[in-house]
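Dear colleague,

I am passing on to you the complex we spoke about, with the sequence and the coordinates placed just below. My notes follow, and I would be glad if you read them with the structure open.

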Amino acid sequence: MSVGAAKIPVRVAEVVEVNPLIKRFRFQRRDGGPMPVFSGGAHIVVDMDDHGTRRMNPYSLMSDPADTSGYEISVRRDEAGRGGSLFLHRHVTVGMEMVISSPINLFPLDARARRHLMIAGGIGITPFLSQIAALQAHGGQFELHYSARSRDFAAYADDLTARHGDKVRLYLDDQGQLINLNSLLQGQPLGTHLYVCGPKGMIGWVRQTAETLGWPLAAVHSEEFLAPPVGLPFQVQLAASGKTITVGPAQSLLEAIEAAGVTAPYLCRGGACGECETDVLGCDGQIAHNDHWLTDEQKAGDRQIMPCVSRFGGKTLILDR
Amino acid sequence: MAASFPPSIPSRPVYGTLTARPGTAHLMVADGEGAAALTDMLARAQDAAGLLARSHIIYMPGPTGTDLWASLNALGAAQCHRSPSFAAALPRLQQVLSDAHMGLQIYVAGTEGLIGQVQREAMLAGLPWQAVQTEHRGSTVRRVQCVHCKGITENVRTDPFPCSHCGLNLFVRDHYSRRIAAFQGVNIDAEDPGQVPAAVVRFT
């Protein structure tokens, strides 16, 4: 069984320090061929061999979807994370051979919208860069509101402003500039779709405000990849393969299943897509459901788990895997 | 009261019960018995007066002649308009949608033909179709498109029925198009011309 999206063997063509926190990486096919065309908002999963530990992290594509000569991602260094971004920042250099997945889009533009209102926070700018490139090609209407901690950390802001003028509005925390969300959302003509990508708090704030102002859920889109949280080690029985595995403190359940040689489906590895959903056959303890996929009802029922981001504490957890 | 439709293929629309929702403006459209769904919703609403102050109601009598205009006109909405038919109400509906901002709540109640056509106008204005709240009341007559000549027959009562455009005898399916806002009608005697089953009144 093949799992995940099809793999593409690539070479690192360019590494650029965008600001003190963000590096940009460009990948080209090792065989010199064209990359698959993707749609604005898509991401890839980057496969990393971090000194013996296999890491597979999702990153939004930020390059122009029409550019098939290579893909670009921007990665924010997360000192407190499990190490994927640190590996990319410290060890990935031009010429290195790596493997990435084909693009997957969980954050597409809705082509039925009359116009697109985008709200970005920090590194959440990346999917909008490819979306805006796609909209430019088709003459689609958009407006981007981009919030960053200071001008130095507002990656790509100068380029966006130079290209798109007053369609781009920048808000800098250190200048005390805040998005006036109420008036922004109330002034949108019928048929506008809203997109938000950024920190968890920002996504919650935007979604909540939109709902209060009567925006339909189907017109509000957001994307947040979760990094698998660290936690206490725990044991899991894999009923279908007859194995018992231990999930390490900095390992995800999905990674532990894979490390035991058991094939498990996945796509985003960030709790968003739903592909890795696994049936729980027995649970004596507490599942920490960390995903955005299962409904609150399903989470309360403990009959399914998303092994990419969720953990367990207690006596026994038996999975149909 | 609302008719309960038997379970069918996924294409067949299902309807809910109107609920007052937060919004910056409210558009309510009803025909025939649908007026009662609006008054029922407002009776359950926390702040009906506040809602009505930002409401635009468009009403037309139903296909079987039911006219509850007086009950809506008495509500005291910011705007309340009676049209003789959906066709006559359409320019007003389109104007309201083109002037509106996000935050508008749309409620439609009455026959399936009305619900589908209002939903279609909302979609053409760029709203997701799920954004329109619906409640079925009154007549179950159907708006059907002939898949052969593409002509639409309104208020279909029997199955089969003769297409009002090309005259073919059409079997009424539950297969529905949101884009056309109509059920599909397919020639029932294509294989054996003239072998037409007796028409049965299925929609009243």
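To begin inside chain B, where the model, which is predicted throughout, has B:G110 paired with B:H136 of strand β5(B) as its bridge partner. That pair belongs to a set of five bridges joining strand β4(B) to strand β5(B), residues 132-136, and the two strands run parallel. Strand β4(B) also pairs with strand β1(B), residues 25-31, again in the parallel sense and over six bridges, and here B:M28 has B:Y107 as its bridge partner in β4(B).

Strand β4(B) covers residues 104-110, and because seven of its seven residues are buried, the strand is largely enclosed by the rest of the structure. Its side chains divide into two sets, with B:L104, B:I106, B:V108 and B:G110 pointing one way and B:Q105, B:Y107 and B:A109 pointing the other way, and all of them are buried.

Helix α5(B), residues 112-124, is mostly covered as well, with 10 of its 13 residues buried; among these are B:L114, B:I115, B:V118 and B:A122, together with B:E112 and B:E121. The length of the helix can be checked: at 1.5 Å a residue its 13 residues should span 18 Å, and since the end C-alpha atoms are 18 Å apart, the two values agree. Just after this helix, B:G126 takes a positive phi of about 100°.

Turning to the packing, the largest nonpolar core has 123 residues, and those with the most contacts inside it are A:L144, A:V236, B:V29, B:L38 and B:V108. Helix α1(B), residues 34-44, gives the most to this core, with six residues. A second, separate core of 14 residues includes B:V156, B:L170, B:A181 and B:F203. In chain A, if neighbours within four places in sequence are left aside, A:V236 is in contact with A:I245, A:V247, A:L253, A:F312, A:L317 and A:L319.

As for the contact between the chains, 18 residues come from chain A and 17 residues from chain B, and the side of chain A that touches chain B is made up of nine nonpolar, seven polar and two charged residues.

On confidence, the predictor gives the complex an ipTM of 0.87 and a pTM of 0.88, while chain B has a mean pLDDT of 95, with 99% of its residues at 70 or more.

With best wishes

Note on methods. Residues numbered from 1 in each chain as written. Chains lettered and ligands numbered in written order. Predicted model: local features only at pLDDT ≥ 70, side-chain atom pairs only at ≥ 80, totals over all residues. Contact = placed C-beta atoms within 7 Å. Nonpolar A, V, L, I, M, F, W, Y, C, P; charged D, E, K, R; others polar. Helix = DSSP H or I, 4+ residues; strand = E, 2+ residues; numbered from the N terminus. Expected span 1.5 Å × (residues − 1). Buried ≥ 20, exposed ≤ 12 C-beta atoms within 10 Å, placed from the backbone. Core = buried A, V, L, I, M, F, W, Y, C linked by C-beta atoms within 7 Å. pLDDT = per-residue confidence, 0-100. Pairing = 2+ DSSP bridges.
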